[in-house]
Amino acid sequence: MEGLVRGIRSCQETLRVAILKHPRYRRNIFSRFGRVTSSLPVREKGLENLKVADVLMTKGEDKIGTWLWCRTTDSVYDAVENMAKNNIGSLVVLKPGEQELVAGIITERADYMRKIIAQGRSSKYTRVGEIMTDENKLVTVTSDTSILQAMQLMTDHHIRHVPVIDGKIVGMVSIVDVVRAVVEQQGGELKRLNEFIKGEYY
């Protein structure tokens with residue numbers, strides 16, 4: 001994962017260096033007055049400016065809902081059933097009450113597999129609050145966090161899911177969401193550079 005992060009950060013610079021070496025670019029970069037003309041138009045945000053909020057928007061409103069979380073008092077069985085039903089690997093755990101205060105997170109790997117299956121415990125008679133990863137160990141992001149920062153957090157903490165909290169929970173992003181966003185953004189930049197080489201930019 002660390003290699004992926006380093007590769008992504010260097011990819012744009014590598015592409016720019018390659019395009020600078022292209023004859024068409026060298027011919028057009030200077031005007032006859034010696035001034036630098038404008039380079040590629042910015043059609044997309046650019047990887048450095050891509051935010052978690054952008055990823056949440058691509059997931060759609062149906063990807064943000066009550067199925068993203070459970071309560072500390074719920075059974076582990078119900079929580080895992082919810083994960084399986086919605087094809088997700090984790091749930092944010094909320095404290096009892098109507099304020100929706102975050103208590104932690106429960107994941108199928110770190111919590112269910114290791115603390116229930118491996119230890120031979122009953123998921124039906126064990127409460128989520130007994131096995132969850134506590135809030136003081138919970139890694140979160142906000143909607144304004146950059147995608148590169150989110151990826152770095154996941155890499156540093158060896159986690160695959162990060163809750164998005166803006167005062168209250170507004171969504172969840174996974175490493176799959178982040179990598180997909182990065183690949184799409186880099187693909188868009190590569191396409192723009194190829195169009196430039198072929199003369200579709202002036």
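**Entry 1: the sheet.** I started with the open sheet, which has four strands in the order 1-2-3-4 and mixed pairing. Its edges are strand 1 and strand 4 (133-134), each pairing on one side only. Note to self: this is a predicted model.

I then looked at how strand 1 and strand 2 are joined, and found three bridges in the parallel sense. For a residue-level check I picked cysteine 70, which stands opposite valine 93 in strand 2. Helix 5 packs on this sheet and touches strand 3 and strand 4. I also noted the angle: the direction of helix 5 makes about 70° with that of strand 3.

**Entry 2: helix 4.** Which residues of helix 4 (residues 76-86) are buried? I get Val76, Ala79, Val80, Asn82 and Met83. Looking down the axis of helix 4, I see these buried residues fall within an arc of 155°, so they line one face of the helix. Ala84 and Lys85, on the other side of helix 4, are exposed.

Next I asked what covers the buried residues of helix 4. The cover includes three strands of the sheet, namely strand 1 (69-71), strand 2 (90-94) and strand 3 (102-107). Helix 5 (108-117) and helix 6 (128-131) are also part of that cover. Right after helix 4 I ran into asparagine 87, which has a positive phi, near 55°.

**Entry 3: rings.** How many aromatic pairs does a search of the whole structure find? Zero, so that list stayed empty. I did find a charge over a ring, though: lysine 124 lies over the face of tyrosine 77. The distance from the ring centre is 4.9 Å.

**Entry 4: the hairpin.** I moved on to strand 5 (residues 161-166) and strand 6, which run antiparallel and are joined by six bridges. One of the residues I checked was valine 162, whose bridge partner in strand 6 is valine 173. The two strands form a hairpin with one residue between them. Glycine 167 sits in that turn, and its phi is positive, at about 85°.

Last lookup: is strand 6 (residues 168-174) enclosed or open? Five of its seven residues are buried, so strand 6 is largely enclosed by the rest of the structure. For my own bookkeeping, buried here means under 20% relative accessible area.

Conventions:
Residues numbered from 1 in each chain as written. Predicted model: local features only at pLDDT ≥ 70, side-chain atom pairs only at ≥ 80, totals over all residues. Heavy atoms only, no water. Buried < 20%, exposed > 50% of the residue type's maximum accessible area, 1.4 Å probe, protein only. Arc of directions from axis to C-beta. Contact = heavy atoms within 4.5 Å. Pairing = 2+ DSSP bridges. Axes fitted to C-alpha atoms, helices over the stretch in contact; angles between N-to-C directions. Phe/Tyr/Trp six-rings, centres within 6.5 Å; stacked < 30°, edge-to-face > 60°. Lys NZ or Arg CZ within 6 Å of the ring centre and 35° of its normal.
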